[in-house]
Structures are given as C-alpha cells and as structure tokens.
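User: I'd like to go through a few of the labels used for this structure and see what backs them up. Can we take them one by one?

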Amino acid sequence: MPGDVLRPRRRTWRPRVMWLSSRPWLPVLVQGCFNLRRLLAASAWGGCRGPMAETSSTGAEAAAELKTPAQQNGDVSGDASGELLSGSPEPVGPGVEPAREDGKPTQASEEQAPVAASGSGKRKKRRDATRERVVPPPKKRRAGVSFGDEHFAETSYYFEGGLRKVRPYYFDFRTYCKGRWVGHSLLHVFSTEFRAQPLAYYEAAVRAGRLHLNEEPVQDLNIVLKDNDFLRNRVHRHEPPVTAEPVRLLAENEDVVVVDKPSSIPVHPCGRFRHNTVIFILGKEHQLKELHPLHRLDRLTSGVLMFAKTAAVSERIHEQVRDRQLEKEYVCRVEGEFPTEEVTCKEPILVVSYKVGVCRVDTRGKPCETVFQRLSYNGHSSVVRCRPLTGRTHQIRVHLQFLGHPILNDPIYNSVAWGPSRGRGGHIPKTDEELLRDLVAEHQAKQSLDVLDLCEGDLSPGRIDSTAPSSELGKDHLEELAASAQKMDGAVDAAPQDLDTMALAPGKAAETDFVNQEIDPLCAECRLVRQDPLPQDLVMFLHALRYKGPGFEYFSPMPAWAQDDWQED
C-alpha cells in the first residue's frame, strides 16, 4: 500500500552495538581524536595570548621579589627579598655581590661563568611564548672554593684600633644577560634593578670606560641586550672592618683544616665581604687554598670551623651530617636567669627574609630541636650550653628568643623591633613587613646595616637617607669626574698596593692623585666618612665550642665572656 511505502522504516541499534563490540579499539581512537582537537585548540589560544602571558609573568616576578620568604619558604634562597628591599639584582651582576651565607646562596668565585650540570658541550635552550633563551656551555668548576693567588693579590690588609681593614680596590663584576633583561636596554636594566646609584653615575661610568658588553666598551646605555650577552662592570670596592683577632689553627691533617673563627668574620665571600673572610685570610696568611667548608657559622658567631681539603673528604663528612652522626655543642650568654633543668625547644622556624637574614618561630616553618643546659648564672645573665639536633638558620638564637632568654648582645633577636616582649613565646605584634622595616630602620640609624649584611644601596630609594652622597652629585660634576676616572683607570694596573688610606672630600675628587687606587672619583663610598665600630661591638656571645663525628672531635677554648666570674661593663 502507498501508506506502507511512505511509513518510515523502524530502526534497530542492535547490529551497531554488535559492530562496536566487535571492534573495541574504535572508542579509544575516537577519544584520542577528540583529545587531539582539544590540544590543538589550546595551543592556538596560547599562541594568541603570548604577549599577555609575558606581561602577566613579568608582573608575577616583580610581586615575588616583594614577597617575604615567609610566603615562599624553602631550604635554598633564590632571589627572595623583603618588601623593604627593591631592585635587588641577581647574586652576580653589575655592581652587586653574591648573596650572603648562613642559609643563603652558596659561595662561588664571581669570576666564573654560570655553572650547569657537566656533560656534553651542547647548548641548552629554554623557550617561552615570545622568544628563545640560549644558555652558553658552562665552565667546569675547580674543586673547592676557586680563589687563588691572583685574587688574594687584589689588595692588602692593615690593622688599626683593634680592627682588620681592607684597602679599597678595583673589582670587576661579571654576569651573563639574565633572561628577563633580553630585549631591554642597559638603561632600563640599571634604572629598574641597580638603583644604588643614579642613572647619571652609570652614564659617567660609560664615559670612563667602566662598563663592557661582550668585552667591548659600552658607548651608549640605550643598547638593547640579547641572549648570551656578557656584562662586565668595574667598581671600586670598600669592605667593612672586622675584628683584628687572628684566625687560629686548631688542627690540620691530610683531610681537614680546623680553625677557631673570630666573631664578625664571614666564612666565605658574601655581601660586601671578600678579603675580610676566613677563606681569604687562610689563603693569604696560611697558604691554605681550595678548601671545602664542612659547615657554616653566622658571621657574628665564633668558634670551631672545619674545612675539608678534598672533595672526597667533604662528601664523606656531609654524608655523616645527613645521617645525623655529628654532634655540635655551643655556649652562649643569655639575658636573665635561665632554668636550672635541661630545656628542649622543638618550635618550628620560618625564614622571614633571606636577604635581611631574619627568622622566627612559626607553625609553617621547618621542624627544629635544640637542647639547652644552664652552666652558670652571675645574677644578671646566664651561660648556657646549646646542642642543636637540627641545623636551621639562626636556630639557637631564635629558640632562645622564643624561650624569653635571648643572647645578651644579639643585634637582631634581642632588638626592640620585635615589640615589648621581644618575641618571647612567639608573640610579635606586627607583620613581617613591619618587622623588617623596623629592624632596617634601627640599624640604619646606628650605621650598623652590616649586621643585617645590607648597605644603603640594598634599600629602596625611598628609604635611603636623603644625605646619601649618590644624590649629592649633579650630572655636570659626574661628567667632570668621569674624565678623571678614565685617566685613573689607565694607571690602576701600575698602582702600588701599599698606600696609606686617604679621605676624599666631595668637591676634591678630581684633584686626587690618579695613581692611588684607594681613591676613585666616581665612588660614592670614597666620599663617606664612616665611624669605625668598637671591637667589642663586633662580638656576639655565641660560640661553637665542640664539633664531634666518627673518628674526630675538635674543641675551641671557652671565650672570656663565658667565664663564671664575668661581669657586664
């Protein structure tokens, strides 16, 4: 019938189901095609938003520099800096020193190229949305800390008023172009990341031939940086004084060197310190080179310090450290009457700022444990033995602050910047940013920023004293000084090393004897008159008394301030 012809035929899905069941690979293929289409769409969208993504990434990087490390805490400090510190460059860059010790980035010779994993000499590439970053083949590190006679001969020491002082000297900072600098001019880099000096200073440095790009003198700061560019900046360096106490050898054999480190001397080059470090003093005065530090002491901490002579010994002892086979014992003098019974503190410690070097007790911190035992009490302060069972930055100092018995003359953890209770019980009535601001302000007023391993150039422009000499020099005067500096640079290599220290008045820089490398026309530090610290101000009452491991045990003498009958001045 016609109606039957027009009636739609009833469909059945059974044959198709059977057909699919006989081909189990087909659903997988369909799903794979679907996923491929999604990936292609996402890739196309990512390419379209490249410039926007780069802008977002740049903003995130800038925010990370302002974030306190309490929000990005880790074992190794990267480029983290406190919110008060802006424009801080990478550890090795034009006009900046590698980061400090004690939980901070490790030491290295500033003269070496960036180091990557050893292997083939092929270049590694890192791609992003808009450009390709080419990393040059690394130079292989030499064993130990790579400082030799050519570095030790840069300058000399002299002793005055109980202090060891370093004669000012010229130094070349070297760095490869950072990824974030690519496509930007040198002018932009100096104005955003190296703000310790005004732009007029860098322009004068160009005219004086101080700045080099790929070993060619820079002629124009508007030159745009490219991948793999190599920068070299000659600066005039001044190091802070340290105590004149000698670095005494406690023991030496074919494996290790053990010394009694005085307070105020860093273990290795960091911040503004280079020649006034244990590594340089041992190399220059004891001809001990290529040493491997086996542990670290804070700059203000004195006592037993061990170095390995070979990489094999270093690795063996570091393995013992990881296996908790080593015992460390410290002695300190703290405020008040410490309890007579043994006290164990297990409060976790968080790094507030790697740049400033400040920590505090916080539940988000890393686990720590320190055992304390009082040795004596003189009616005002107590001598306490400390056994740290973990090795966090400033662990003993932070735990004593938490217990309400900070080290008597601790310039950080016994400071009024922590509030009325000075951090006792972890009570700090301010944010981390406020704490850092107050600590920096306190030591800036005392002209003791070196305690925080900072200098005025590390601070943001708004926090630098308006009387800082870098702001006193006009552009015309800097042009005049640039000509003088250019003449001086030609005579630096022939300049004698043993010249008496001279002072340079702001208006007399161009009249300086050009042969004397202790004075530089462009150096702001040369125009400053700093008051020397008193030797007793460079001592903190914390001393590494004993270091023991499988087959060895080393002691240092008990310091005078730890004697039972010692009294405060």
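Analyst: Sure, starting with a definition: buried means under 20% relative accessible area, exposed over 50%, and partly exposed in between, with a 1.4 Å probe and protein chains only. This is a predicted model, where local features need pLDDT of at least 70, side-chain atom pairs count only at pLDDT 80 or more, and totals for chains, interfaces and linings use all residues. Residues are numbered from 1 along each chain as its sequence is written, and side-chain values use heavy atoms, leaving out hydrogens and water.

User: Why is H275 called buried?

Analyst: Its relative accessibility is 0%, and the cut-off is under 20%, so H275 counts as buried. H275 is in the loop between β11 (256-261) and α8 (278-285); helices (H or I, at least four residues) and strands (E, at least two) are DSSP runs, numbered from the N terminus.

User: What makes the H275 and K284 pair a polar contact?

Analyst: Their side chains are joined at 3.2 Å. The definition asks for a pair of N or O atoms within 3.5 Å; within protein, one must be able to donate a hydrogen and the other to accept it, and residues adjacent in sequence count only if both atoms are side-chain atoms. The pair qualifies as a polar contact.

User: How do you know that β14 pairs with β20?

Analyst: DSSP must find at least two bridges between two strands. Strands β14 (residues 327-335) and β20 (residues 542-549) have 6, and run antiparallel. One of the bridges puts E329 with R546.
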